[in-house]
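Welcome! Let us take a friendly walk through some helices and the place where two chains touch.

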Amino acid sequence: MNDSTPHQPPRRRPGDSDRGHLEAAARTGAEPVDGSRRGADKDRADRAADSPPDGAGSLATLDESASPGLADPLQSEHFAAASVGELDSAVVALNGRLVLRRISAEVKDGEVVAVLGANGSGKSTLVRALVGLVPLREGEARLFGRPLSRFREWRRIGYVPQRTTAAAGVPATVREVITSGRLAYTGVLGRLGKSDRIAIDDALATVGLADRGRDSVAQLSGGQQQRVLIARALATRPDLLILDEPMAGVDLANQRALADTLAALHASGTTILLVLHELGPLAPLIDRAIVLRDGRVVHDGAPPPAVGHHADPDHDHLHPHAPEEPGWLR
Amino acid sequence: MAALSNFAATLHPAGIALPEFLQPAFMQRAVVAAILVGLAAPAIGTYLVQRRLALMGDGIGHVALLGVALGLLLHASPVWTAVVVAALGAIAIEVVRERGAASGDVALALLFYGGIAGGVVLIGLSDSGSSANLLSYLFGSLTTVAPGDLITIAILTLAVLAVTVGLSHALFAVCQDEEYAKVAGLPVRALNLLLAMSAAVTVTVAMRVVGVLLISALMVVPVATAQQLTRGFRATLWLSILLGVAYAVSGVAFSYYADTASGASIVLLAIAGFALVSVLTAVVRRGRTPETEIYEDEVAVGLADGQA
């Protein structure tokens with residue numbers, strides 16, 4: 001029904017196993033740093049034969065989805081869609097301190113939602129509670145309508161943790177890290193099939209690292225490492241992509257590259273939940289902002305406009321955030 | 001190749017003349033045990049280093065001594081009692097790590113030193129208690145590998161390799177980024193416990209050859225050496241296993257001729273190998289400075305593209 005509306009991005013129904021959105025993402029021309037797309041295009045051609053209906057749907061709406069950042073009045077209608085992530089009166093205490101104070105928040109199918117707030121406001125904890133990384137003292141978290149304790153379809157979630165580096169104690173190649181994103185399909189034995197390799201190639205291409213697969217992640221810049229972590233989440237071909245401060249420690253050029261990648265994913269129907277310190281280059285993409293202060297929701301609606309120095313989209317943002325924070329954070 | 005044919009000759013003693021150090025039966029057992037230890041220790045060590053728990057093997061080794069002492073005291077097989085006690089210790093370490101409590105390192109200290117002190121006291125109380133016996137468990141002794149032990153060690157090594165190689169994708173994901181692995185739906189706690197118990201088994205396997213105090217070195221040093229030469233995780237895993245076997249066999253041979261403790265000989269060889277590779281890679285890198293600059297240019301070009 002929704003798919004007949006021309007202004008809406010192609011949407012997948014829950015349980016739709018055949019996913020064309022990465023193809024669409026790759027074709028919107030959003031890739032930032034681009035080396036070789038040929039391999040990925042070939043794989044895509046292979047896949048197109050397997051999945052004509054969905055792939056065709058993605059292509060048909062390319063014109064509309066090319067500039068997904070523009071506000072689309074028709075999209076608000078779509079928000080009557082199913083809830084993909086939901087916290088209901090959630091209370092979280094960490095080390096004896098209340099971090100979330102009875103928070104209710106929701107992300108609906110197809111939305112791009114930003115969780116904003118100062119350091120210590122609980123915005124990271126909100127998404128961590130949603131995916132079960134921190135326990136709820138009260139309330140309930142639901143993913144795709146199911147309580148977390150009964151949720152099993154983890155392959156529908158792409159999670160990008162807050163991280164300054166993708167490197168660990170032993171070197172790992174970009175491809176090895178992204179391969180972890182397929183474990184939701186392969187199980188603990190991790191045997192990779194053709195579809196797994198295609199998904200990994202697609203994810204590498206989408207974040208513009210197709211020619212860096214064999215490099216050690218430790219050799220990449222901070223922004224590139226962030227893109228590796230995003231590619232790992234994309235390799236799962238998620239319906240809901242959750243990113244915890246993806247712009248932290250990333251230079252402006254890479255921030256824009258990330259924004260383009262996310263815009264393409266959104267255009268192809270992926271729901272996106274982001275924790276952000278400020279909207280930055282992502283501002284045009286955000287449908288809704290949830291602003292937290294001291295563990296409570298103080299705003300849930302249109303994203304707040306940037307003010308002052310931050311209103312300039314090209315402003316340098318190299319200074320530390322701490323001085324901006326009001327005193328009650330400590 | 002020479003080493004291979006020597007090993008083949010070990011299996012067929014009627015064949016070609018063996019090198020001197022392989023002629024006594026206890027040395028043949030020691031070399032086979034060394035090969036098994038060389039396989040298992042770096043295989044588990046790669047994961048421990050990756051999650052920055054390089055000294056976990058050391059802690060398990062301390063606890064394993066208590067298991068040895070119990071075996072001697074109860075006239076049971078020290079290998080199996082050590083497996084059980086070390087596994088319990090490893091699970092305790094894993095639980096403390098998972099909780100991430102601030103007092104965690106104090107709890108670990110109590111566990112480790114309680115284990116080794118209890119082991120020393122109990123070995124002293126047992127019939128076979130002697131300082132020579134104690135030293136052989138602490139630092140490894142070639143003569144302690146009994147014929148019956150060899151089969152036990154082989155079975156345990158196979159189990160460790162089945163876990164570390166068979167589950168390498170999942171264990172890599174858990175050690176690389178535990179929170180991501182949880183959200184990917186992996187059974188993270190079960191995998192962590194499996195890894196901890198595999199480390200305990202490896203310690204027990206390595207006890208006879210390397211000794212409980214030096215096991216951690218054979219888990220860590222080959223990995224530290226290999227990762228100077230590799231870019232990927234799997235490459236590091238395989239290269240460190242190769243180095244582990246080479247160090248273990250050559251260390252056992254050295255200890256036979258020099259009449260030194262086998263564990264200490266193996267560890268010194270491994271450290272010498274690490275130092276050699278460090279110097280060589282430093283020299284090679286210095287010679288390659290222009291290439292590094294090209295690489296940085298590529299990064300700069302990539303960023304410019306991203307801006308377009």
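## Helices and a chain contact

In chain B, α4(B) and α10(B) cross in a right-handed way (left-handed means the near helix is turned anticlockwise from the far one by less than a right angle, right-handed means clockwise). This is a predicted model, where local features need pLDDT of at least 70, side-chain atom pairs count only at pLDDT 80 or more, and totals for chains, interfaces and linings use all residues. Residues are numbered from 1 along each chain as its sequence is written, with chains lettered from A and ligands numbered from 1 in the order in which they are written.

Helices (H or I, at least four residues) and strands (E, at least two) are DSSP runs, numbered from the N terminus. The two crossing helices pack at an angle of about 145 degrees, their axes 8 Å apart; axes are lines fitted to C-alpha atoms, for helices over the stretch in contact, and angles run from 0 to 180 degrees between N-to-C directions. Residues are in contact if their C-beta atoms, placed from the backbone, lie within 7 Å.

Between the chains, 32 residues of chain A are in contact with 35 residues of chain B. On the chain A side, α11(A) gives the most, with 4 residues.

Here is the make-up of both contacts, with Ala, Val, Leu, Ile, Met, Phe, Trp, Tyr, Cys and Pro counted as nonpolar, Asp, Glu, Lys and Arg as charged, and the others, Gly among them, as polar.

| Contact | Nonpolar | Polar | Charged |
|---|---|---|---|
| α4(B) with α10(B) | 16 residues | 3 residues | 2 residues |
| Side of chain A that touches chain B | 19 residues | 8 residues | 5 residues |

Definitions and conventions:
Two residues are in contact if their C-beta atoms, placed from the backbone, lie within 7 Å.
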